[in-house]
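Visitor: I would like to learn how to read a protein model feature by feature, starting from a single residue and working outwards. Could we take the structure shown here as the example?

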Amino acid sequence: MIITFIEAQSNLCRTSCGNIPINYPLGIDDGCGSPYYRHILDCSELGKLELRTPSGRYPVHSISYSDPHVLVADPYMWNCQDGDNFRPTRPFSLDTSTRFSLSPQNDYLFFNCSEDYVIVEPKPIFCERFPDRCDSSCDSASYLCRHLPECATALDRSSCCSYYPKATESLRLMLKYCASYTSVYWRTIGTSTTTDSPTSQVPEYGIRVDFDIPVTTHCLQCQDPSKGAGTCGFDTQTQNFLCLYLDISEHRKASVIAGAVMGVSAAGAVGIGVGIWFVKKLRAKAPITCGVQSNENRLF
């Protein structure tokens, strides 16, 4: 069998940006992680992590992998310091070709909406009277409107109502007739050991974005410590799965090349500092189209 060497990316797969860990399926270096999340996260030279979406770039506060989600801030949204002074805003949106989705744990508050165009009513009463239009109303009796997180008295002469837009166009229409909006997510605190002791949740400003962790046999084999504890990645040209290894021993180098002779279709190595990245190319799959796309045909 002829062994074909391919060139790996010339930089390591970084495992953090600032104090935020970067693990599979996410990646900040091209070819690392899953191609479903390619070009989505960006780490600046100052160690600031940002999420890229069709509507802009947003600072990332934290990432959880046990309960997969990213917490981001939208500087265009209303905050406590704004009070009754509403700045120009724009709708936050996600690219639906990725595995990201807005969490149902988000709540959205809208301010100073025109009642000529927006149904602003106390939801329990309105839904009893008009059950078929319940989802169309902006709830003026919302708990969060009456208890704004961190600044309960920030609004002096402005109205507030709660509404969950189901699509980007719905959000755009709301912002056409409302002065501004903000997002509040419910953060879980504490841990529950029994079903009788549920965890508590507290509201905080920000946007929770959920993501999927695609699990494949190839990736599990790649990460297996007994097989070298590699890093799951992909070919930047074809987006086929690759297993990336870093090892300075000649013994590991020999074992990787031997693995290629035993059935792996290609193997390669490129020197990086004092280490060596070894790439094992596994079964090819059809290219995946992902990354930031156009502003069309995406849900809020």
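Visitor: Which residues does Arg 208 touch, not counting residues up to four places away in sequence?

Guide: Keep in mind from the start that this is a predicted model. Leaving aside residues up to four places away in sequence, Arg 208 touches Asp 67, His 69, Val 70, Leu 71, Ser 101, Leu 102, Ser 103, Gln 105, Asn 106 and Tyr 185. Arg 208 itself lies in strand E14, which covers residues 207-211.

Visitor: Is Arg 208 buried or exposed, and with which side chain does the side chain of Arg 208 make a polar contact?

Guide: Arg 208 has a relative accessibility of 7%, so it counts as buried, the cut-off being under 20%. The side chain of Arg 208 makes a polar contact with the side chain of His 69, at 3.5 Å.

Visitor: Let us move on to sheets. What is the order of the strands in the open sheet of six strands?

Guide: The order is E3-E4-E5-E6-E14-E7, and the pairing is antiparallel. At the edges are strand E3 (41-43) and strand E7 (100-102), each of which pairs on one side only. On average, neighbouring strands of this sheet are turned by 40° against each other, with direction ignored. As an example of a pairing, strand E4 (residues 49-53) and strand E5 (residues 56-64) are joined in the antiparallel sense over four bridges, and the bridge partner of Leu 51 in E5 is Tyr 58.

Visitor: And strand E8: which strands do bridges join to E8, and why is E8 described as largely enclosed by the rest of the structure?

Guide: Six bridges join E8 to strand E12 (residues 180-189), and the two run antiparallel; within that pairing, Phe 110 has Tyr 181 of E12 as its bridge partner. Three bridges join E8 to strand E11 (residues 160-162), again in the antiparallel sense, and there Leu 109 stands opposite Ser 162. As for the enclosure, five of the six residues of E8 (residues 106-111) are buried, so the rest of the structure largely encloses the strand.

Visitor: How should I read the burial pattern of a helix, and which residues of H3 are buried?

Guide: An α-helix has 3.6 residues a turn, so residues three or four places apart point the same way. In H3, the buried residues are Thr 168, Leu 171, Met 174 and Leu 175. Viewed down the axis of H3, these buried residues fall within an arc of 120°, so they line one face of the helix. The cover over the buried residues of H3 includes E8, strand E10 (138-139) and E12.

Visitor: Finally, the disulfides. How many disulfides does the count come to, and which parts does the disulfide of Cys 17 and Cys 43 tie together?

Guide: A disulfide is a covalent bond between the sulfur atoms of two cysteines. Here the count comes to eight disulfides, taking pairs of cysteine sulfur atoms within 2.5 Å. One of them joins Cys 17 to Cys 43, with an S to S distance of 2.1 Å, and with 90° about the S-S bond this link is right-handed. Cys 17 lies in strand E1 (residues 16-17) and Cys 43 in strand E3, so the pair ties together parts that are 26 residues apart in sequence. Cys 17 counts as buried at 1% relative accessibility, and Cys 43 is buried at 15% relative accessible area.

Visitor: What is the handedness of the disulfide between Cys 80 and Cys 151, and what is that of Cys 113 and Cys 178?

Guide: Cys 80 and Cys 151 are joined with an S to S distance of 1.9 Å, and the torsion about their S-S bond is about -70°, so this disulfide is left-handed. Cys 80 lies in the loop between strand E6 (69-72) and E7 while Cys 151 lies in the loop between helix H2 (143-146) and E11, so the pair ties together parts that are 71 residues apart in sequence. Both Cys 80 and Cys 151 are buried. For Cys 113 and Cys 178, whose sulfur atoms are 2.0 Å apart, the torsion is about 105°, so the disulfide is right-handed.

How values were computed:
Residues are numbered from 1 along each chain as its sequence is written. This is a predicted model: local features need pLDDT of at least 70, side-chain atom pairs count only at pLDDT 80 or more; totals for chains, interfaces and linings use all residues. Side-chain values use heavy atoms; hydrogens and water are left out. Buried means under 20% relative accessible area, exposed over 50%, partly exposed in between (1.4 Å probe, protein chains only). Two strands pair if DSSP finds at least two bridges between them. Axes are lines fitted to C-alpha atoms, for helices over the stretch in contact, and angles run from 0 to 180 degrees between N-to-C directions. A polar contact is a pair of N or O atoms within 3.5 Å; within protein, one must be able to donate a hydrogen and the other to accept it, and residues adjacent in sequence count only if both atoms are side-chain atoms. Contact means heavy atoms within 4.5 Å. The arc is that of the directions from the helix axis to the C-beta atoms.
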